[in-house]
Structures are given as C-alpha cells and as structure tokens.
Amino acid sequence: FGWYGFNPGSTGSMHDRGTANSAGIVAVNTTLSPCCAGLVVFLIRFVRTRKLDIGGFCNGILAGLVAITAGCANVQPWETLFIGCFGGCIYQGASMLVAFLKVDDVVDAFAVHGA
C-alpha cells in the first residue's frame, strides 16, 4: 500500500479538479504496471519451467512498481501497460543473469531494484 501513498500522494494536494484527476491517473498507472509485469514474469517462468512460480510473480509486481514510479504522472494508462511489460522482461532477464553468474541473491533484490 505504500506505493499508493507515495505515487498519488506526490501530487501534493487535491484542491481542484486537475490535481484530483492527476492523482487518479497516477493511481491507475500504479495499478496497471505491476499487474502487467507480474503476469509477464509469471507466464515467462511457466513457459520455461512448467511450474507456477508465485515468488517470481510477486517480484514481477515489484519490478512493475519500480518501473512506473518515476513517470507515473506523465504517461497515459495504455502506455503504462508497455512500461509494465518491459519492466517485467527486464526483471526476468536480470534474474536469469544473476542465477547464471551464480550470485547469491535469494530474494532477487538486484534484479528487482538494480536492473
């Protein structure tokens, strides 16, 4: 829930219709991006392993949140779908690279935040 306080709350106030609309768009974008990223990671991992990876799904959600945070007030919801998918793919690639290099990162923190 912290992202919903941070992203829409960053509008500073809702004293008129424009700022309230902006906060609403930010909240929508904060929802769409992690949904797409989580699903992309979930599907990629299911196709690769034929297993349902809930941990990967959750990290994909976090990657989608990280991907949209900086620009959530400056994009339209349809663009957010692409940002989320791209963030999920970047996370998945970084996660695979970390595993390939045998780096000890049990919660994929680098792949979520550093990539």
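Leaving aside its neighbours within four places in sequence, which residues is Asn-29 in contact with? In this predicted model, the answer is a group of seven names: Pro-34, Ile-68, Cys-72, Val-75, Gln-76, Pro-77 and Thr-80. Asn-29 itself belongs to helix H2, which covers residues 17-49. Its relative accessibility is 0%, and because buried means under 20%, Asn-29 falls in that class. One of its partners is also met through a polar contact: the side chains of Asn-29 and Thr-80 come to 2.9 Å.

With that starting point in place, the overall architecture can be set out. The protein holds 5 helices and 0 strands, and its elements follow the order α-α-α-α-α from the N terminus on. The C-alpha trace spans about 50 × 25 × 20 Å along its principal axes. Of the 115 residues, 33% count as buried. The accessible surface of the protein comes to about 6,900 Å², and carbon and sulfur atoms account for 71% of it. Among contacts between residues at least 6 apart in sequence, 61% join residues at least 24 apart.

Helix H2 deserves a closer look. It is built from 33 residues, and the distance from its first C-alpha to its last is 48 Å, close to the 48 Å expected at 1.5 Å a residue. Just after H2, the backbone at Arg-50 adopts a positive phi of about 60 degrees. Arg-50 also appears among the contacts of Arg-45, a residue that lies within H2.

Arg-45 is a convenient guide to the charged pairs. In general, side chains of opposite charge can pair when their charged atoms come close. A search of the whole structure finds 2 salt bridges. In one of them Arg-45 is paired with Asp-53, with the closest N and O atoms 2.7 Å apart. The side chains of Arg-45 and Asp-53 are also listed as a polar contact, at 2.7 Å. The other salt bridge joins Arg-45 to Asp-108, with 3.6 Å between the closest N and O atoms. Arg-45 sits in helix H2 whereas Asp-108 sits in the loop between helix H4 (77-100) and helix H5 (109-114), so this pair ties together parts that are 63 residues apart in sequence. Arg-45, Asp-53 and Asp-108 are thus linked in a network of salt bridges.

How does burial vary across this network? Arg-45 has a relative accessible area of 12% and is buried. Asp-108, at 11%, is buried as well. Asp-53, at 25% relative accessibility, counts as partly exposed, because that class begins where the buried one, under 20%, ends.

The surroundings of Arg-45 extend past its two acidic partners. Its side chain makes a polar contact with the side chain of Tyr-91 at 3.2 Å. Leaving aside neighbours within four places in sequence, the contacts of Arg-45 are Arg-50, Lys-51, Asp-53, Gly-56, Tyr-91, Gln-92, Ser-95 and Asp-108.

Helix H3 (residues 54-69) can be viewed through Gly-64, which lies in it. Gly-64 counts as buried, with a relative accessibility of 0%. Beyond its neighbours within four places in sequence, Gly-64 is in contact with Ser-33, Pro-34 and Ala-37. Pro-34 is also on the contact list of Asn-29. A contrasting separation is that from Gly-64 to Asp-105: the two are 41 residues apart in sequence and 19 Å apart in space, C-alpha to C-alpha.

Attention turns finally to the surface. Leu-97, Phe-100, Leu-101 and Val-103 form a nonpolar patch there, with about 440 Å² of accessible area together. Two members of this patch, Leu-97 and Phe-100, can be placed in helix H4. Phe-100 is exposed, since its relative accessible area is 66% and the class requires over 50%. Leu-97, at 46%, is partly exposed. Leu-97 and Ala-111 are 14 residues apart in sequence, with a C-alpha to C-alpha distance of 8.8 Å.

Notes:
Residues numbered from 1 in each chain as written. Predicted model: local features only at pLDDT ≥ 70, side-chain atom pairs only at ≥ 80, totals over all residues. Heavy atoms only, no water. Helix = DSSP H or I, 4+ residues; strand = E, 2+ residues; numbered from the N terminus. Buried < 20%, exposed > 50% of the residue type's maximum accessible area, 1.4 Å probe, protein only. Polar contact = N/O pair within 3.5 Å; in protein donor to acceptor, adjacent residues only side chain to side chain. Contact = heavy atoms within 4.5 Å. Expected span 1.5 Å × (residues − 1). Salt bridge = Lys/Arg side-chain N within 4 Å of Asp/Glu carboxyl O. Patch = residues over 30% accessible without salt bridge, like charges linked within 9 Å, V, L, I, M, F, W, Y side chains within 5 Å. Areas by Shrake-Rupley, 256 points an atom, 1.4 Å probe, with all protein chains shown as cover.
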